[in-house]
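User: I have a model open and want to go through its metal sites and some backbone oddities. Can you take my questions as they come?

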Amino acid sequence: MVTATGLRDAIEEMLPGVVADRRHLHQHPELGFQEIETSRFVVARLEDIGVEDLRTGIAKTGVTALIRGGRGPGKTVLLRADMDALPILEENEVEYRSVHPGVMHACGHDAHTAGLLGVARLLQDRRDEFGGTVKLLFQPAEEGPGGAQPMIEAGVLNDPKVDACFGLHVAQEVPVGMIELRAGPAMAASDRFAIKIKGQGGHGARPQSTIDPIAVGAQIVVALQTLVSRELDPVEAGVVTVGAFLAGEAFNVIPNTAELRGTVRTFTPENRELLSRRVQELAKGIGAAMRANVEVEYHHGYPPTVNDPAMTALVWEAATAVVGTDRVEEGAPIMGAEDFSYFLEKVPGCFFFVGSKNEERGLIWGHHHPRFDIDEQTMAVGMEVLTETTLRYLNGV
Ligand SMILES: [Zn+2]
Ligand SMILES: [Zn+2]
């Protein structure tokens, strides 16, 4: 049995360094597939820690490395952090504010990267406490278009073959010191569509000689809202959001075309298929009924994030050992999406949430907000749970 106290002392001691790393990354954010300096920083740290089999440039900027346990061969567990930032102009007035205008770590991936480097150091120092292998993985472009899938295509789940995977996300909806996780579908699949309506433009006062794409688009928007309310099983969750309605410029001109763009969120393959089919049928059917030509581009994005029950139980126990029973909760499913889902499609694992909100300190702004910032104590908690989980998994506890 691993002693959580020994870990905690080590984490307390190394936390200032981890916080400094996080602030360095926060100050120097890079967008998806452009994490050049970030991955250089990761590689330098990993070389310093002394990991094995360091591989770089996977799916452009991804990095993997191994830590082999001193107790002989065994299972291989993958630990993942995402490295990318967002196209947001930071509004925080902190000394570690982004120096790249219009780019910001507003989701906490800086904390994930710095935290996993901390976990790497902890595990490297404890190699004689486990058998098997830890595969560290730093991925690009989680915010889109997605770095997990191309890394998997590049073979990161082989050599050595990965048996289980774990990842975490800081959570601004959850107070610092709390852990949230759930077995089964935890985050939604995220698909998107563009509905292109071709009508026939003309004078705003002569509608009879036009086919008004705005009137068609309006009907489609309304009809789309009946998919979740009338066609999905009411006890299952789904979202259809039209986020853009692009059409026209002048008050007295009926335009030729209109375009609707939106997102669809579901938790099961069946519902995903249902909404995908029905969005297209509805849009085209309404278009035909109203004499317009409608084309639908439908793009399947990240699949649902589905946690393995046994792996979730393992994290639950590790989390309980770290923060106590009353601070581990089953979180509600989230309609947001996460490309850790691709790893979970291939190997059993668990993706969990580590509270990072601190109301007293004003650290309350949500993910992707220009004032997003975390209570950095979340990194100590996350590192301890992830390390504890890894040791328990590899030792078969
Ligand atoms: Zn995000
Ligand atoms: Zn994120």
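User: Where is histidine 368 placed?
Analyst: Histidine 368 is in the loop between β16 (349-357) and α9 (377-394). Helices (H or I, at least four residues) and strands (E, at least two) are DSSP runs, numbered from the N terminus. This is a predicted model, where local features need pLDDT of at least 70 and side-chain atom pairs count only at pLDDT 80 or more, while totals for chains, interfaces and linings use all residues; side-chain values use heavy atoms, with hydrogens and water left out. Residues are numbered from 1 along each chain as its sequence is written, and chains are lettered from A and ligands numbered from 1 in the order in which they are written.

User: What about phi of histidine 368?
Analyst: Phi is near 75° there, a positive value in a residue other than glycine. Most residues other than glycine have a negative phi.

User: Is histidine 368 exposed, partly exposed or buried?
Analyst: Histidine 368 is partly exposed, with a relative accessible area of 38%. Buried means under 20% relative accessible area, exposed over 50% and partly exposed in between, using a 1.4 Å probe and protein chains only.

User: Which residues coordinate the zinc ion (ligand 1)?
Analyst: Histidine 368 does so through NE2, alongside Cys107 through SG and Glu143 through two OE entries, at 2.0 to 2.8 Å. Donors are N, O and S atoms within 2.8 Å of the metal (3.2 Å for Na, K and Ca); water is not among the atoms, so sites may look incomplete.

User: What is the geometry of that zinc ion (ligand 1) site?
Analyst: Irregular, with angles of 51 to 148° among the four donor atoms. Four donors count as tetrahedral if all angles lie between 85 and 135 degrees; four count as square planar and six as octahedral if opposite donors are over 155 degrees apart and all others between 65 and 115, and anything else is irregular.

User: What spacing do the donors of the zinc ion (ligand 1) follow along the chain?
Analyst: C-x35-E-x224-H. Cysteine 107 and glutamate 143 link distant parts of the chain: cysteine 107 is in the loop between β3 (76-82) and α3 (109-125), and glutamate 143, 36 residues away, is in the loop between β4 (133-139) and α4 (148-153). Cysteine 107 is buried at 8% relative accessible area, whereas glutamate 143 is partly exposed at 27%.

User: And which residues coordinate the zinc ion (ligand 2)?
Analyst: Cys107 (SG), His109 (NE2) and His169 (NE2), at 2.1 to 2.4 Å. Their spacing along the chain is C-x1-H-x59-H. Cysteine 107 bridges the two zinc ions, which lie 3.1 Å apart. Histidine 109 is buried at 0% relative accessibility.

User: Changing topic. At what angle do α2 and α3 pack?
Analyst: Helix α2 (residues 36-49) packs on α3 at about 10°, with the axes 10 Å apart. Axes are lines fitted to C-alpha atoms, for helices over the stretch in contact, and angles run from 0 to 180 degrees between N-to-C directions. The two helices are therefore roughly parallel, a label for angles under 35 degrees, with over 145 roughly antiparallel, 65 to 115 roughly perpendicular and the rest oblique.

User: Which residues meet there, between α2 and α3?
Analyst: Phe41, Val42, Arg45, Leu46, Asp48 and Ile49 in α2 meet Thr113, Leu117, Ala120, Arg121 and Gln124 in α3. Contact means heavy atoms within 4.5 Å.

User: Back to the backbone. Which residues are joined by a cis peptide bond?
Analyst: Glycine 144 and proline 145 are joined by one, with omega about 0°. Another joins aspartate 159 and proline 160, with omega about -5°. Proline 145 is in the loop between β4 and α4, and proline 160 is in the loop between α4 and β5 (164-175). Most peptide bonds are trans.

User: What is phi at arginine 291?
Analyst: About 70°, a positive value although arginine 291 is not a glycine. Arginine 291 lies in the loop between α6 (269-289) and β13 and is exposed, with a relative accessible area of 57%.

User: What does asparagine 293 touch?
Analyst: Asparagine 293, in strand β13 (residues 293-300), is in contact with Lys196, Ile197 and Lys198, leaving aside neighbours within four places in sequence. Asparagine 293 counts as partly exposed at 45% relative accessibility.

User: Last one: is alanine 318 buried or exposed?
Analyst: Alanine 318 is buried, at 0% relative accessible area. Alanine 318 lies in helix α7 (residues 309-323) and touches Val385, Glu388, Thr389 and Arg392, not counting residues up to four places away in sequence.
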